[in-house]
Amino acid sequence: MADLPLPSEAMADARHNMEICNACRYCEGFCAVFPAMQLKREFSDGDLNYLANLCHGCQGCFYACQYAPPHPWGINVPQAFAALRVESYAEHAWPRPMAKLFERNGTAVSLLTALAVALVLLLAGSLQSPDVMLRAHSGPGAFFAVISYQAMVWSASAVFLFALLAMAMSTTAFWRASGGGTITAKALAHALHDSMTLRNLGGGGDGCNYPGEGFSHQRRWLHHAMAYGFLLCFAATSVATLYHHGLGLVAPYDLLSLPVLLGTVGGILMLIGTAGLLWLKVLADPAPAARAVLGGEYAMLILLAGVAKTGLLLLAFRATPAMGWLLALHLGFVLALFLALPYSKFIHGLFRTAALVRSHQER
Amino acid sequence: MADLTRIYDVLVIGGGNAALCAAVTAREAGASVLLLESAPKPFRGGNSRHTRNFRGMHQAPTKVLTGSYLEDEYWDDLRRVTGGITDEPLARMTIRVSAEMTPWMEACGVRFQPALSGTLSLSRTNAFFLGGGKALLNAYYATAERLGVDILYDAEVTNLHVDDGFVRSAEFNHRGFPASVTARCVVAAAGGFQANLDWMRQYWGDAVDNFVIRGTPYAKGRVLKTLLDQGVAPIGDPTQFHAVALDARSPQFDGGISTRLDSVPFSVVLNRDGVRFYDEGEDVWPKRYAIWGRLIAQQPGQIAYSICDAKAYSLFMPSVYPAIKADSLAELAHKLGLDVGTVERTVAEYNAAVQPGRFDSTGLDECRTEGLTPPKTHWARRIEEAPFYGYPLRPGITFTYLGVKVNENARMLMADGRPSANLFASGEIMAGNILGRGYLAGFGMTIGTVFGRIAGREAARAARN
Ligand SMILES: Cc1cc2nc3c(=O)[nH]c(=O)nc-3n(C[C@H](O)[C@H](O)[C@H](O)COP(=O)(O)OP(=O)(O)OC[C@H]3O[C@@H](n4cnc5c(N)ncnc54)[C@H](O)[C@@H]3O)c2cc1C
Ligand code: SF4
Ligand code: SF4
């Protein structure tokens, strides 16, 4: 297991930023980072990892900073913290060799997707005779005429459970390394509230400075659409699993059934959210962004958009001969997403919540 | 787009708070406005980009201020810090108008921290800008652009053609090329001259090479000079400036707020020769920090060293540069480049003079020295617990006091006492009318905002006639 070289450039840069911010403190009203920073005089690597993950990248403190480049001090907190965050994901990834994935994040995620899709298509193609893929299927079990229920459930559950385990392991590692102690219920409740409302992207009422210097709530709402869309889709799958095992009802379900409704609304929200966030990313001012992390962020958004789009297409064309390919494609995207969860930008949700817990605990 | 062939109603010179308040107000009143800022865009905003609060009168708690702060108390505070070197009618007018400013500022997009959230005990008298002065300026610039104020950066005004108190045109360097523009009225809001070391040298000699300029390098006073040369009445002592003690390792310009050091009351401060020169514990730091710039400026080499031990280290705000740290006093003196023997003797004499008493870092306490010259009258505790910490200190100049004389309409007054027909001033360049000496936290932005608004309004009105 190769350890990452320490202290890294990103760590040194984050320390430089925090040492100057802590002597300045003009940004104390923007977000949770500054009050947390003010409790320290010196910053350990763990403290900096924690603060970096507490930062929501709203960019407020970048445009407000009198020491931003071209000032010789070159203060750029969102950029320094974005770079350090990706390092902290990699450093705490479990199992450790998977950390390698983060070094070429964007490429890795896309590669994974492609692999998974190919795999599923291949399986589908070889398990079924070609004409199965080209015929239209209908009625209960139509999907499983293309890919067997067993294959679907086993592959999906295995990958998903592994992802859950990996995410739990790395979040725990992050929590320990960043100096978190025993979690109190109150801090947890506050932290969950903050992360579910994205309070720290509110910038004190007017929103964040994204995609540029002006204030806007776009990012917050688009992120909500994406995140809650994702949760709805997840709920759709869970309900469907219940239907299948609990009620003995076999997919595909009626258009007005709960799983399909949840999935449709969720899928549309995800699509709006991811497309909007991608668009903002294209428009975004490059000055406060960290170049190195952009690839991974694009890849993640594209992957999520892919899951949503193939899901919705599958719904639209499920009674046609295209269903077979679409199902395979959708499953491919879903599997790729699951596999990527612990090793991509996705983990930020957990690390950030953990950081929020610590910040509430220290208050 | 700026059009230099036209005649603007109002030309605003400067790009800080005072200039923007004037430009936005004049434009709101319907005037065509050109603003010339000497700095390139990334460094726009003068000293104002380094500020964080505004002192406002108020009768009752507001969203951004706690309690109440009435005219008489405000005036008392001002009279005390200036030692009476002020103009009471102008000062009281400024104070009263300050009560009406925050709604207008908010309408321009300026955002404040909610009252009570600030870390300082100033939330009753001072409203804190969310994100500080640069965020405030970003809001004003966005408003000015939206309203159609023409703005040129990298445009330093070098000369004004004043004819018997009437300004006809302005010459300026735009990105290094000479240009000129004509306007019906001019608002000078170009700040002080503290960044003009040659001008400062006239009064302070080569000591200026050891001064740190806390704010913008663009405050060179060219506009002030051309106005005074052409018969505008001066105000304020040209030799005086506001200065604080800050880290000697700071950049020569634009280090801003974070270079200040709050260690003095919990330290002993030695000069280059290793001896103490002033009572470090005379009063609480907010009341004393502004005298230390001057004190250090008067020491040999304009340098001093603040020395404390482990138990004092966490009592003051973290510094922007790490403390110089050593396991013994001798090692620290050596690292600071001071004579080891003298430092050890100075600290030993000080330690011997320290009296027992109740220590309280938050207020005037009982810890003092006995029989020591100069004494340390509060927070005097023995310096004995390793590690020892030291900081080199230099004078950091905030602003100069020399300015142009104005009346209550922000109109400049000529040396013979007559008001100018079309010259107005706001901000640092006229602050000496009200603040002839000393300083009151947040009052610089108040003067700039109040007089910026008045100058903008009056200039727009004068341009119409
Ligand atoms: C570190 C620091 C912190 C401070 N904090 C506070 C605070 O919290 N609250 C407070 O009230 N005050 C504070 N002050 C004081 C405050 O900065 C000033 O009182 C205030 O900013 C003055 O505003 P102004 O617009 O007159 O001058 P400035 O903001 O200095 O603006 C002068 C402008 O004129 C431009 N200029 C200069 N010469 C020319 C020329 N020839 N042609 C064209 N343009 C020119 C400059 O580029 C600049 O944009 C602080 C000062 C410093 C240095
Ligand atoms: S980002 Fe800049 S203005 Fe904000 S606290 Fe840090 S140094 Fe100060
Ligand atoms: S970018 Fe936003 S969230 Fe991050 S530290 Fe700055 S103000 Fe806080």
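# Close-up views of a predicted model

**View 1. At 3.3 Å, a backbone N or O atom of Gly46(B) faces an oxygen atom of ligand 1.** This is a predicted model, in which local features need pLDDT of at least 70 and side-chain atom pairs count only at pLDDT 80 or more, while totals for chains, interfaces and linings use all residues. Residues are numbered from 1 along each chain as its sequence is written, chains are lettered from A and ligands numbered from 1 in the order in which they are written, and side-chain values use heavy atoms, with hydrogens and water left out. Gly45(B) also offers a backbone N or O atom, 3.5 Å from an oxygen atom of ligand 1. On the side-chain side, an N or O atom of Tyr439(B) is 2.8 Å from a nitrogen atom of ligand 1. The protein buries 97% of the 1000 Å² that ligand 1 exposes when taken alone (accessible areas by the Shrake-Rupley method with a 1.4 Å probe; for residues, only the protein chains shown count as cover).

**View 2. The shell around ligand 1 holds 37 residues.** A residue belongs to such a shell if one of its heavy atoms lies within 4 Å of the ligand. Look for Glu37(B), Ser48(B), Glu428(B), Tyr439(B) and Met445(B), which come nearest. By class, 14 residues of this shell are nonpolar, 18 polar and five charged. Here Ala, Val, Leu, Ile, Met, Phe, Trp, Tyr, Cys and Pro count as nonpolar, Asp, Glu, Lys and Arg as charged, and the others, Gly among them, as polar.

**View 3. Chain B meets chain A through 34 residues of chain B and 27 of chain A.** Contact means heavy atoms within 4.5 Å. The size of an interface is often given as the accessible area lost when the parts come together. Between them, chain B and chain A bury about 2600 Å², with 52% of it on carbon and sulfur atoms (the accessible area, 1.4 Å probe, that two parts lose on being put together, summed over both). Arg52(B), Arg111(B) and Pro318(B) supply 22% of the area that chain B buries against chain A, more than any other three residues.

**View 4. Glu28(A) and Arg52(B) form a salt bridge between the chains.** Side chains of opposite charge can pair when their charged atoms come close. In this pair, the closest N and O atoms are 3.5 Å apart. The rule finds two salt bridges across this interface, with a side-chain nitrogen of Lys or Arg within 4 Å of a carboxyl oxygen of Asp or Glu as the test. There are also 14 residue pairs in polar contact between chain B and chain A, both residues at pLDDT 80 or more. A polar contact is a pair of N or O atoms within 3.5 Å; within protein, one must be able to donate a hydrogen and the other to accept it, and residues adjacent in sequence count only if both atoms are side-chain atoms. The side of chain B that touches chain A divides into twelve nonpolar, 15 polar and seven charged residues.

**View 5. Ligand 2 sits among residues of chain A.** Its surroundings include Cys21(A), Cys24(A), Cys61(A) and Cys65(A). Eight residues of this shell are nonpolar, one is polar and one is charged.

**View 6. Ligand 3 is also surrounded by residues of chain A.** Among them are Cys31(A), Cys55(A), His56(A) and Cys58(A). Helix H2 (33-37) and helix H5 (77-91) of chain A each give at least two residues to the shell; helices (H or I, at least four residues) and strands (E, at least two) are DSSP runs, numbered from the N terminus. The shell has nine nonpolar, three polar and no charged residues.

**View 7. Backbone details turn up in loops of both chains.** Most residues other than glycine have a negative phi, and most peptide bonds are trans. The bond from Pro69(A) to Pro70(A) is cis, with omega near 10°, and Pro70(A) is found in the loop between helix H4 (60-63) and H5 of chain A. Another cis bond runs from Thr373(B) to Pro374(B), with omega near -15°; Pro374(B) lies between helix H12 (340-353) and strand S15 (388-400) of chain B. Arg175(B) has a positive phi, near 50°, and is found in the loop between strand S7 (166-174) and strand S8 (177-188) of chain B.
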